[in-house]
Amino acid sequence: MVLGLSIVFVWTVCFLFTALFMVLSEKRGLDREKCSPYECGFEPIGSARSSFSIRFFLVAVLFVVFDVEVVLLMPFAYMFCYGKSALGILSSSGFLFILFAGLYHEYREGSLEWVN
């Protein structure tokens with residue numbers, strides 16, 4: 001009973017704090033200077049919303065994905081050297097299969113091609 005009441009109390013306090021912070025963090029009174037992209041005293045020369053090539057975004061996403069994959073593969077190297085269990089080898093093989101299936105899908109889709 002006490003545990004249930006304390007959980008309800010904690011949820012209520014969290015909800016009230018969230019509502020209070022949302023009300024206090026509202027932006028009021030939009031200025032021209034505050035809405036401009038540069039606040040250093042100079043007038044903006046061009047638009048801050050310039051378009052960029054989607055290929056740069058793709059490279060950034062692929063970098064993050066492969067970076068996470070390298071971090072996830074590091075324990076497998078340790079496991080292959082010191083703890084050779086069948087479940088560990090099976091799970092690492094399944095993980096590598098999923099990685100290579102995703103790489104094959106990206107290659108077949110044409111995401112890895114830079115020139116049309």
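**Figure 1. Overview of the protein.** Of the 116 residues of the protein, 7% count as buried. The model shown here is predicted. Four helices and zero strands make up the secondary structure, and the pattern read along the sequence is α-α-α-α. The accessible surface comes to about 10,700 Å², with 72% of this area belonging to carbon and sulfur atoms. The views below look at helices H3 and H4.

**Figure 2. Helix H3, residues 54-82.** H3 has 29 residues. From its first C-alpha to its last, H3 reaches 43 Å, close to the 42 Å expected at 1.5 Å a residue. Which residues of H3 are buried? They are Leu62, Glu69, Phe76 and Met79. The cover over these buried residues includes helix H4, residues 86-109.

**Figure 3. Glu69, a buried charged residue.** Glu69 lies in helix H3 and is buried, yet has no salt bridge. How far away is the nearest side chain of opposite charge? That side chain is Arg108, at 16 Å, whereas a salt bridge needs a side-chain nitrogen of Lys or Arg within 4 Å of a carboxyl oxygen of Asp or Glu. Not counting residues up to four places away in sequence, Glu69 touches Phe95 and Leu99. Leu99 is one of the buried residues of H4.

**Figure 4. Helix H4 and the residue that comes after it.** The 24 residues of H4 should span 34 Å at 1.5 Å a residue, and the end C-alpha atoms are 34 Å apart, so the span agrees with the expected value. The buried residues of H4 are Gly88, Ser92 and Leu99. What covers them includes H3, just as the cover over the buried residues of H3 includes H4. Just after H4, Gly110 takes a positive phi of about 95°.

**Figure 5. Ser92 and its contacts.** Ser92 lies in helix H4. Is Ser92 buried or exposed? Ser92 counts as buried because its relative accessible area is 1%, and the cut-off for buried is under 20%. Leaving aside neighbours within four places in sequence, Ser92 is in contact with Phe76, Met79 and Phe80. Among these, Phe76 and Met79 are buried residues of H3.

**Figure 6. A nonpolar patch on the surface.** The patch covers about 690 Å². Which residues make the patch? They are Phe66, Leu96, Phe100, Leu103, Tyr104, Tyr107 and Leu112. H4 gives the largest share of the patch, five residues. Leu103, one of the patch residues, lies in helix H4. With a relative accessible area of 32%, Leu103 is partly exposed. Leu103 can belong to a patch because its relative accessible area is 32% and patches take residues with over 30%.

Key:
Residues numbered from 1 in each chain as written. Predicted model: local features only at pLDDT ≥ 70, side-chain atom pairs only at ≥ 80, totals over all residues. Heavy atoms only, no water. Helix = DSSP H or I, 4+ residues; strand = E, 2+ residues; numbered from the N terminus. Expected span 1.5 Å × (residues − 1). Buried < 20%, exposed > 50% of the residue type's maximum accessible area, 1.4 Å probe, protein only. Contact = heavy atoms within 4.5 Å. Lys, Arg positive; Asp, Glu negative; His and termini not counted. Areas by Shrake-Rupley, 256 points an atom, 1.4 Å probe, with all protein chains shown as cover. Patch = residues over 30% accessible without salt bridge, like charges linked within 9 Å, V, L, I, M, F, W, Y side chains within 5 Å.
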